[in-house]
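Reader: I'm new to reading protein models. Could you walk me through a few features, one at a time?

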Amino acid sequence: AYTEKNTYTRNELVGIAGKVRDPADLSDVKDATVIIRIFDAENKMVDSTSLTSDEYGVFTYVYTIPPDAVLGDWRIEIEASKEGYTSATQVLSMKVIGLYIQVMREIYERSFRDPHIEPFDVTIKVTRISSGATEEYTTGSDGTIPLAEIFGDGQRVEEGSYIVRIIPPENNNPEWVRKWGTTHIVPYTGSGETHAPRFEVRVSLSLTGETILEIDRSFNVILRDSSGAFIYDNIRRGSNKIQLVNKPLEIRLRTIDSWENYLRNTIYFYLQSARVTQTPIIERVAYGTQTSYGHGGEGVVYGEFRPDINTILFELDASKFFSFDELYGLAVSSTLNTFIHEFGHQVKENILCDPGANLGGEHWGDHLPCSNVELAYDEGFANLFPILVTDWSPMLHKYVTWHRYDSSKYKGVCPEGKTGNYIEGRIAGLLLNLYGIADPNSGVSRADVLHDFIEASRVFQRMVGHPPRSIDQFIIIKHFLDPNILDSIREICSRDNYDIQLSFLDPLRGVMRVNPSDAMAFIVPANIRISFTQPVGGYEYSELNSREFVSVTTLLPGDSFISLAPGYDAKIYIRGYSAASSYMDWTVIEMKGHENKVGKLIYLGGGRMFVGEGTTIHLSHIGGRFIETIETPNTIITLHSEVVICVEDNETTIVENFRGLVNVNTDSDNLELYTGYKTSVEGDEIGEPQRIGSEEIWWEENLTKPEIVRCILTKDLDNLIEVRNFREGENGYIVLNLINVEYGDNVTWRIDDETPLQRIIQERNNATVVVELDTSTRGEHKVEIYLNGELKEEIDYSVSSEEYLTNVMKAVIIAVLVLVLVTTLSYLLRGRGGTTKYPPPPPPPTNQLEHRISHGQMRTEKFTSLLT
Ligand SMILES: [Zn+2]
């Protein structure tokens with residue numbers, strides 16, 4: 001015979017079951033008489049019953065432990081008999097413990113989704129409210145104390161109202177105190193014992209002897225309610241009262257280090273579900289940044305990031321920071337939002353690294369203008385991030401509420417006279433609306449939102465050389481990727497809504513054409529004019545000069561792209577308007593005009609382009625093949641991959657086919673065709689195609705020019721496969737082809753002991769880093785290359801010619817790209833060949849954001865040099 005468990009409380013049912021068998025052959029004995037006697041802890045028989053076994057020899061019995069049962073070790077005796085035979089007496093033991101209070105701690109380890117729970121060795125102080133008398137208890141090895149002990153005489157519970165304080169041991173270890181700013185190990189609402197985790201409970205007994213516990217007020221304890229769920233919030237009078245009838249009082253405490261791990265883990269798993277980068281980066285974001293608490297004092301600064309020590313400092317000590325208290329508590333305040341906001345900055349810096357972004361200046365409040373649009377955009381994303389994480393988390397959103405940037409102070413024309421592009425809260429509001437998550441309950445996957453944000457930013461980075469730096473740039477790429485969002489974007493950005501100005505809709509700066517067409521163009525900063533055949537919207541405007549900014553527009557037949565001046569290059573990405581939104585589905589065209597000519601390219605509609613006289617284009621595809629036909633004054637070329645087409649002044653067309661099938665149709669004899677690939681020719685006058693030779697790849701860097709520098713490699717580098725130097729005009733460069741690199745690796749270089757410059761690798765396995773040399777000073781120079789802080793390479797070079805003396809360029813990195821395809825490298829250096837003059841890339845900042853403040857009445861941002 002057996003009972004289903006060993007420990008029972010009063011009023012519980014004890015199920016007893018067994019089977020009677022013949023000791024000779026172990027066969028079932030039916031109709032045996034079974035006697036069950038139950039003895040309490042004082043050895044008094046409290047029950048005796050007689051049963052008959054069924055046809056399988058089985059018997060069952062249910063005993064109810066009475067409400068006044070004696071606590072302690074009980075015993076059950078069982079005997080069976082039949083036809084004069086009687087079995088030996090079997091004895092079962094059980095323990096009646098009565099109701100109890102149990103205190104457990106939740107321990108979160110890093111990278112683990114669920115906590116483990118273990119008994120918490122604490123002092124419990126119970127104050128009887130009517131008398132003020134306080135008694136002290138300690139939990140046993142299983143974390144329990146019988147309720148009859150703390151609310152009664154040890155045998156039975158007495159009615160009354162009590163305040164129960166749970167006081168864990170303190171940690172005086174100096175390292176603990178330095179990190180957490182407190183000796184407490186759990187959230188406290190203040191410093192003394194009175195501020196320990198606590199609750200008020202009214203204990204009463206029903207007429208039938210049931211023990212009723214009513215808890216209507218609690219601070220920083222996680223209580224189990226009558227349904228068995230743990231409540232991760234304070235119990236407040238009049239709202240979420242807990243009533244337990246004959247149930248143990250089960251309590252959990254989450255220590256402050258577990259609290260922090262819990263938040264870091266939530267961020268870690270969120271980033272993992274967003275599929276945005278690989279594990280080392282996610283680990284770096286979630287766990288790589290240190291935190292330190294208790295740096296309060298003057299001001300109302302809640303959190304600031306210090307890059308020099310890679311630490312986020314929080315004003316509150318951790319026991320208050322993680323408190324549910326109504327002053328500081330998670331439920332009503334913003335400490336948790338602040339925590340995740342600061343990690344939002346880490347996400348952007350690690351996944352969308354952009355050393356060139358201008359994050360300087362001050363910001364004073366999320367509804368007030370920042371000093372520049374790039375800072376506002378950075379803060380806008382950091383404001384969005386906690387909303388994504390808490391919405392996503394099945395636990396956090398239940399007790400963290402944060403507004404969603406939808407109140408009137410974020411809408412309409414800003415009293416300070418700045419557009420929403422300068423206001424972080426409006427940018428967060430726009431993103432919430434753009435992604436359909438303004439409503440906390442919307443079904444949109446929060447993981448997909450971050451995924452899309454980062455993918456779109458990466459596309460922009462690939463095309464322009466850096467991630468979007470303003471909300472305007474972000475909307476430009478979103479519009480290019482998905483033209484269908486335009487109507488909702490215009491609504492969200494309208495003057496009486498978030499009042500965000502979109503440059504491509506600006507009649508003075510933009511294109512002003514938003515009606516659907518069959519093609520869209522994304523124009524990269526270059527020296528290009530776009531001439532529109534059919535200006536729309538009643539504006540006279542018909543030309544766009546994209547010298548300084550990125551833009552996007554729909555294309556109509558007849559629209560033309562014209563180089564600003566002879567010999568200047570242009571770059572345009574074209575995709576079909578109606579094509580399903582895709583991140584890799586467009587045609588890339590680089591164009592250059594010949595000497596004394598401006599390049600000219602006309603969109604003919606239907607995926608056809610016309611190349612004008614005195615123009616050379618290089619055309620390639622990423623993904624789809626939207627532009628399939630190129631016309632020149634004398635030839636029609638149908639192509640499938642990558643070609644260079646040059647239309648000479650004399651109307652001779654030169655076609656160089658780099659890969660894939662090209663069909664050339666012409667009646668003219670002024671056609672020269674070079675190919676190493678399958679090419680078909682229609683037209684009587686054309687001879688056999690000539691084999692493609694070593695043509696100058698003008699859209700890539702030119703390796704044939706004389707070196708300005710002579711490099712001597714002094715060390716091997718297992719992460720470097722090639723170091724070569726080349727000149728471009730007056731500038732010198734070193735190209736580092738890196739292997740075995742990971743996302744987030746840090747390449748630093750220093751020339752002649754000057755301030756080092758760095759680049760965070762955004763690629764995996766292979767990456768190319770281009771170091772621009774200081775060629776302004778004649779003589780010997782030294783470049784040191786570091787990977788993740790370790791010196792990997794020293795390169796000596798000398799500037800040998802006076803022609804470089806006037807060049808005052810400091811070392812800048814111009815691009816980092818995956819070296820997957822040879823053609824990829826062409827994007828890296830495109831525009832630096834020939835006479836092209838793109839605007840130089842901005843120098844990387846020598847300053848790094850030091851001081852980030854999330855939610856305070858006053859915000860300031862301070863900067864300090866990362867590297868000094
Ligand atoms: Zn911030």
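Author: Happy to. Let's start with pairing: two strands pair if DSSP finds at least two bridges between them. Helices (H or I, at least four residues) and strands (E, at least two) are DSSP runs, numbered from the N terminus. Here, E22 and E24 pair in the parallel sense over three bridges. Two notes before we go on: this is a predicted model, where local features need pLDDT of at least 70 and side-chain atom pairs count only at pLDDT 80 or more, while totals for chains, interfaces and linings use all residues. Residues are numbered from 1 along each chain as its sequence is written, and side-chain values use heavy atoms, with hydrogens and water left out.

Reader: Which residue in E24 is the bridge partner of Ser292?

Author: Leu313 is the bridge partner of Ser292. Leu313 is also the bridge partner of Glu304. Glu304 brings in the other pairing, as E23 and E24 (residues 311-314) run antiparallel over four bridges. Arg306 has its bridge partner in E24 too, namely Thr311.

Reader: In what order do the three strands form the open sheet?

Author: The order is E22-E24-E23, with mixed pairing. E22 (290-292) and E23 (303-306) are at the edges with a single partner strand each, so one side of each has no neighbour in the sheet. On average, neighbouring strands here are turned by 25 degrees against each other, direction ignored.

Reader: What joins E23 to E24 in the hairpin?

Author: Four residues lie between those two strands, and Asn310 in the turn has a positive phi of about 50 degrees.

Reader: Are the residues of E24 buried or exposed?

Author: General idea first: buried means under 20% relative accessible area, exposed over 50%, and partly exposed in between (1.4 Å probe, protein chains only). In E24, Thr311 and Leu313 point one way, Ile312 and Phe314 the other, and all are buried. For contrast, try Lys600 in strand E32 (residues 600-605). Lys600 counts as partly exposed because its relative accessibility is 35%.

Reader: Now the metal. Which protein donors does the zinc ion have?

Author: Donors are N, O and S atoms within 2.8 Å of the metal (3.2 Å for Na, K and Ca); water is not among the atoms, so sites may look incomplete. For the zinc ion, they are His341 (NE2), His345 (NE2) and Glu379, which is listed twice through OE, at 2.0 to 2.7 Å. Along the chain, the donors follow the spacing H-x3-H-x33-E. His341 and His345 both sit in helix H6 (residues 335-351), four residues apart, about one turn of the helix. Both histidines, His341 and His345, are buried.

Reader: What is the geometry of the site of the zinc ion?

Author: Four donors count as tetrahedral if all angles lie between 85 and 135 degrees; four count as square planar and six as octahedral if opposite donors are over 155 degrees apart and all others between 65 and 115; anything else is irregular. The zinc site, with angles of 52 to 147 degrees among its four donor atoms, is irregular.

Reader: And at what angle do the axes of H6 and H7 cross?

Author: Axes are lines fitted to C-alpha atoms, for helices over the stretch in contact, and angles run from 0 to 180 degrees between N-to-C directions. The axes of H6 and H7 (residues 373-392) cross at roughly 120 degrees and come within 8 Å. That makes H6 oblique to H7. As for the word, angles under 35 degrees count as roughly parallel, over 145 as roughly antiparallel, 65 to 115 as roughly perpendicular and the rest as oblique.
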